[in-house]
Amino acid sequence: MSFQRIELTTDLIDCGQRDEAWRDITRPFFETRAIRSEEGLSGSLASAVFGGMLVGPTSFNGQCYDRSARIVTVSGLDQYMVQLFLQGALQGDCAGEPVQVQAGDIVVFDLACSFSTRVRPGRTITLIVPRDMMEGIGQGRVLHGAVLRAGQPVTRILTDIILSIEETQTRMDPTETEVVAEGFTTLLANGLARLTDRRHFADGLHPSLLRRRALAVIEQHLSDPDLGPETLARHLNVSRAHLYRMFAAEGGVGRAIANRRLDSACRVLTGSGQRRHSVTEVAYMFGFSSSARFLRAFKARFGMTPSEARSLGALARQDAGLQAMFHRAAHRYGGRASLTRTGGE
């Protein structure tokens with residue numbers, strides 16, 4: 001069995017470098033800044049591979065996190081971040097939905113979505129869970145920003161499982177880790193779908209299967225310049241008013257289509273394909289009538305030009321994957337930032 005654990009902390013880093021170090025460590029997930037600038041940033045995290053997930057404790061002082069559309073697209077992360085809050089609290093906004101978390105709660109963030117949050121000093125156990133381990137179990141609900149409250153029976157059981165995983169993971173063989181990971185994600189997704197306190201989960205209607213169909217149609221016709229609310233409504237045989245209600249949180253159907261075109265364009269620009277497309281080619285590839293219009297829309301969504309996104313993507317490819325990111329940070333910052341391996345190959 002092979003077991004890897006990455007441990008990173010700002011404790012033994014020079015005070016003048018701590019802010020930069022912690023921002024660099026957390027940057028694949030979000031832009032981080034201190035709530036009180038005079039206090040700076042400090043924190044620690046550990047990461048271990050467990051049954052396809054990454055699991056480990058984190059600690060932090062007062063911090064603000066912003067996972068913007070730019071970071072979502074450029075980072076390429078498409079997992080769920082699940083956090084059990086042992087101490088501290090969190091509040092913020094998840095794609096238009098308010099979220100509040102207290103000690104003992106379990107919260108889920110979809111890393112394919114944007115969010116903006118702030119935390120009080122505290123500790124969590126954080127799990128990075130692959131999408132395919134959660135999708136299909138959650139009964140079609142949006143899990144982003146969902147919270148299981150402390151004291152609920154399912155929350156207490158999940159808390160015990162998370163704490164047990166953190167405590168015993170080094171002593172499990174691959175078969176045991178697979179069984180525990182599968183059982184944990186099944187219970188978590190079902191608990192979120194049934195017990196979350198957010199209103200649009202309770203009504204069981206958002207997102208509907210129709211919304212999933214709408215998104216599939218959008219993805220299939222991103223290069224069609226005529227794709228719009230009327231075209232989509234015809235494909236789905238629904239009214240424009242019904243479509244707007246489905247995408248109201250994103251600013252309407254037109255905005256949802258434009259954002260997905262821009263996200264796909266950004267992935268092409270930042271990707272490692274064999275052919276390097278020009279900005280104009282990418283603009284026409286995704287249904288924009290001119291490169292100037294594409295540039296304005298791209299900069300409005302991501303806060304940078306297409307050329308800047310391409311350069312940023314080249315840097316990101318130097319660090320492929322979450323575990324590689326932790327390796328790089330451990331090597332760069334030294335001190336107690338270390339990689340440990342136990343067990344045999």
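So, M81 stands opposite F109, over in β9. This is a predicted model, by the way, so keep that in mind as we go around. M81 sits on β6, which covers residues 80–87, and β6 runs antiparallel to β9, residues 106–110, with 5 bridges joining the two.

Now the other neighbour. β6 is also joined to β11, again antiparallel, and here we get 7 bridges. One pair to look at there is Q83, whose bridge partner in β11 is T126. And how many of the residues in β6 are buried? 6 of the 8, which leaves the strand mostly covered.

Okay, on to the empty space. Search the whole structure for cavities of 30 Å³ or more and you get 1. There's about 320 Å³ of space in there. The lining has 23 residues, and the closest to the centre are L45, T58, M81, Q83 and T126. So you've met some of these already: M81, from the pairing with F109, and Q83 with T126, the bridge partners.

Who else builds the wall? α1, at 15–26, gives at least two lining residues, and so do β3 (43–50), β4 (53–60), β6, β10 (115–119) and β11 (122–129). Which of the elements has the largest share of the lining? That's β4, with 5 residues.

Last thing, the chemistry of that lining. By class we have 17 nonpolar residues and 6 polar ones, and no charged residues. If you've got the structure open, go to Q83 and T126 and look around from there: both are among the residues closest to the cavity centre.

Key: Residues numbered from 1 in each chain as written. Predicted model: local features only at pLDDT ≥ 70, side-chain atom pairs only at ≥ 80, totals over all residues. Heavy atoms only, no water. 1 Å grid on protein atoms, 1.4 Å probe; cavity = no way out; pocket = protein on both sides within 12 Å on 5 of 7 lines; lining within 4 Å. Points joined across faces, edges and corners; volume = space filled by probe spheres on them. Helix = DSSP H or I, 4+ residues; strand = E, 2+ residues; numbered from the N terminus. Nonpolar A, V, L, I, M, F, W, Y, C, P; charged D, E, K, R; others polar. Buried < 20%, exposed > 50% of the residue type's maximum accessible area, 1.4 Å probe, protein only. Pairing = 2+ DSSP bridges.
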